[in-house]
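I opened this entry to look up how the aromatic rings sit against one another, and then how the sheet and its helices are laid out.

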Amino acid sequence: MQQTIRPPMLRPGDTVGIVSPSWGGAGTFPHRLDAGLRQLAAMGFRTKVGSHALNRHGYVSDTPENRAADLHDMFRDPEVRAIVAAIGGDHSCQLLPLLDFDLIRANPKIFMGYSDNTVLNVAFWKGAGLRTFNGPALITDFAEQPRMYEYTERYMLKVLCDAQPAGEIEPSPWWTEELLGWGKKADLERPRQQVPSPGWTWLKPGAAEGVLIGGCIESLQHLRGTHFWPGLDGWQGAIFFWETSEDKPTPPVVDGILMDYENMGVLERLGGMLVGRPMYYTDEEKTLLNDIILERTRKYNFPVITGMDFGHTAPQFTLPVGCRARIDGESRRFEIVEAAVE
């Protein structure tokens, strides 16, 4: 693994580029696009939407060539200081053979998204050495009604806009997984229902410090066996963070994926594990998932926290891929201990 490049920090007045690397949700739901752009403007940022980001081409936003061209244009553009994905999907993997990693390495800047953007987050880190960000997307988190959730905004700005370690991340006092229909604009009628949070579950004790690697566990499957997989050396001592999508892979399905990681030699190399709150799981399914994680990690001594505030439920904190973090099970403290930007 090459040395990680820290992108320049984001400052008020900077331009944020918007891309659609996979699904064409930004063009499908223009009121969500407008809300997200207004939120960025209210935070003091200018915006520039990719040339093909509002297109719809079947189940993706545009051809792989045009989606890759938008990314290249944003990295090449000296005015753009950060690139934010409009939303995820399932086909960012189509861009991997087309990406110019030399261009990306020569023009380091913030790239942020989650879900299917996991593919690009890890590929940019592995292929170009660029630190990337598992965090809010435009038409999901920035477009919340009536505004972006304070918890999501606070931790995003801590990570992106300050060349100091973000420090301790605390649990949100509430969460939501309610989806109000965007097609009928039900999301404009009221905010999503907020449910009191029981907090994170400190599933296994211990302490660890290591580099953060991960994202949506289904999306990570696209990278296995490619040049963009971290490799066993890349996983050594790492803090693996993962979560599940709105497609709700069942606990037995997740068990199979984690068993694959054990068979590949990944789990034995980890320093720690963070698990995002699973979307649409019943309480019984959450308990079963925790039991599965305990079984799969039984042979290893690293700490595990589950039910954390990142991924497909809201609100979410931002995790910088390739940045050092620390878990302290005794004091029940999770913190990012290295500056993610410069």
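For the notes below I take helices as DSSP runs of H or I with at least four residues, numbered from the N terminus. I keep in mind throughout that this is a predicted model.

**Aromatic pairs**

I began with the rings, since a pair of aromatic rings is described by the distance of the centres and the angle of the planes. Counting pairs whose ring centres lie within 6.5 Å, I arrive at 18 aromatic pairs. One of them is formed by Tyr-151 and Tyr-155, which meet edge-to-face at 4.9 Å centre to centre, with 70° between the planes. I asked myself why Tyr-151 and Tyr-155 are separated by about one helical turn. The reason is that these two residues are four apart in helix 7, which spans residues 150–160. I also checked their exposure, and both Tyr-151 and Tyr-155 are buried.

Next I looked up Trp-229 and Tyr-261, an edge-to-face pair at 5.7 Å centre to centre and with 70° between the planes. Trp-229 lies in the loop between helix 8 (217–220) and helix 9 (231–235), while Tyr-261 belongs to helix 10 (residues 251–263), so this pair ties together parts that are 32 residues apart in sequence. With buried meaning under 20% relative accessible area, Trp-229 counts as buried because its value is 11%, and Tyr-261 does so because its value is 0%.

I noted two further ring arrangements. Phe-75, Phe-101, Phe-111, Phe-124 and Phe-228 form one aromatic cluster. Lys-204 lies over the face of Phe-302, 5.6 Å from the ring centre.

**Sheet and helices**

I then traced an open sheet of six strands, whose order is 2-1-3-4-5-14 and whose pairing is mixed. Strand 2 (46–49) and strand 14 (319–321) stand at the edges with a single partner strand each, so one side of each has no neighbour in the sheet. With direction ignored, neighbouring strands of this sheet are turned by 25° against each other on average.

Within the sheet I followed strand 1 (residues 15–19) and strand 3 (residues 80–85), which pair in the parallel sense over five bridges. Which residue of strand 3 does Val-16 stand opposite? I found Ala-82 there.

Lastly I looked at two helices that lie across strands. Helix 3 (residues 64–76) lies across strands 1, 2, 3 and 4, the last of these being residues 110–113, and runs at about 170° to strand 1. Helix 5 (residues 118–128) lies across strand 4, strand 5 (132–134) and strand 14, and runs at about 155° to strand 5.

Note on methods:
Residues numbered from 1 in each chain as written. Predicted model: local features only at pLDDT ≥ 70, side-chain atom pairs only at ≥ 80, totals over all residues. Heavy atoms only, no water. Phe/Tyr/Trp six-rings, centres within 6.5 Å; stacked < 30°, edge-to-face > 60°. Buried < 20%, exposed > 50% of the residue type's maximum accessible area, 1.4 Å probe, protein only. Lys NZ or Arg CZ within 6 Å of the ring centre and 35° of its normal. Pairing = 2+ DSSP bridges. Axes fitted to C-alpha atoms, helices over the stretch in contact; angles between N-to-C directions. Contact = heavy atoms within 4.5 Å.
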